[in-house]
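This report goes through one structure part by part. Keep the sequence and the 3D view at hand while reading.

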Amino acid sequence: MTTFQALAQSHCEPVTPESKGVIIPTVESYLSQMDGWEAPLNYKSLHKTFRFKNYLQTVHFVNAVTWIAQKEDHHPTLCFGYNTCKIELSTHAIKGLSQNDFVLAAKIEALFD
């Protein structure tokens, strides 16, 4: 089982302001396994833009992401239009990336498998 698959099968854990974020080498390792996901140079967020054939497919995807996010109690920023949806993940409690961001990204990716 790859790290990516293990993340997709994991669940988000509660995070407090005292929690530690994911260290940069781990971020880079995860990103190497996650096609199309990127982090800015400050490593404070994670984002990817998904493309679809039409608006209905986009809305179905947004609804599926919303369901997963609610179930995991970790909520991304979604910006969508006719055939695109940009997802941005970060953990506000620590003002950066937590394991939860990668768990949710892996679950979102699993929608396509």
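## Lys95

Lys95 has a relative accessibility of 64%. Since the cut-off for exposed is over 50%, Lys95 counts as exposed. The model it belongs to is a predicted one. Lys95 is found in the loop between β3 and α4. Its phi angle is near 55 degrees, a positive value in a residue other than glycine.

## The loop between α2 and β1

Tyr43 also has a phi near 55 degrees, again positive and again in a residue that is not glycine. Tyr43 sits in the loop between α2 and β1.

Pro40 belongs to the loop between α2 and β1 as well. Is Pro40 exposed or partly exposed? Its relative accessibility is 29%, so Pro40 counts as partly exposed. If neighbours within four places in sequence are left aside, Pro40 touches Ser45 and His47.

## The strands

Strand β3 covers residues 84–89, and strand β2 covers residues 77–80. The two run antiparallel and are joined by four bridges. Three residues lie between β2 and β3, and the two strands form a hairpin. Thr77 has Glu88 as its bridge partner in β3, and Leu78 is placed opposite Ile87 of β3.

β3 also pairs with β1, over six bridges and in the antiparallel sense. Here Arg51 has Thr84 of β3 as its bridge partner. Which side chains of β3 are buried? Those of Cys85, Ile87 and Leu89, which point to one face, are buried. Thr84, Lys86 and Glu88 point to the other face and are not buried. The side chains thus alternate along the strand β3. Taken with the pairings above, Glu88, the partner of Thr77, is on the face that is not buried, whereas Ile87, opposite Leu78, is on the buried one.

## Helix α2

Helix α2 spans residues 24–32, and its buried residues are Val27, Tyr30 and Leu31. Because these cover an arc of only 100 degrees around the axis, they are on the same side of α2. An α-helix has 3.6 residues a turn, so residues three or four places apart point the same way.

Which exposed residues are on the face of α2 turned away from its buried side? That face carries Pro25 and Ser32. The buried residues of α2 are covered by parts that include α1 (3–9), β1 (46–51) and α4 (99–110). β1 therefore appears twice in this report: it helps cover the buried residues of α2, and it pairs with β3.

## The largest pocket

Rolling a probe the size of a water molecule over the atoms shows where empty space is left. How much space lies in the largest pocket? About 190 Å³.

The lining of the largest pocket includes Cys12, Glu13, Pro14 and Val15. Glu72, Asp73, His74 and His75 are also among the lining residues, as are Ser90, Thr91, His92 and Asn100. By type, the lining has three nonpolar, six polar and three charged residues.

How values were computed: Residues are numbered from 1 along each chain as its sequence is written. This is a predicted model: local features need pLDDT of at least 70, side-chain atom pairs count only at pLDDT 80 or more; totals for chains, interfaces and linings use all residues. Side-chain values use heavy atoms; hydrogens and water are left out. On a 1 Å grid over the protein atoms alone, a cavity is a set of points where a 1.4 Å probe fits but cannot get out, and a pocket is an open set with protein on both sides within 12 Å along at least five of seven lines; lining residues have an atom within 4 Å of a point. Grid points are joined across faces, edges and corners, and a volume is the space filled by probe spheres set on the points. Ala, Val, Leu, Ile, Met, Phe, Trp, Tyr, Cys and Pro count as nonpolar, Asp, Glu, Lys and Arg as charged, and the others, Gly among them, as polar. Two strands pair if DSSP finds at least two bridges between them. Buried means under 20% relative accessible area, exposed over 50%, partly exposed in between (1.4 Å probe, protein chains only). The arc is that of the directions from the helix axis to the C-beta atoms. Contact means heavy atoms within 4.5 Å.
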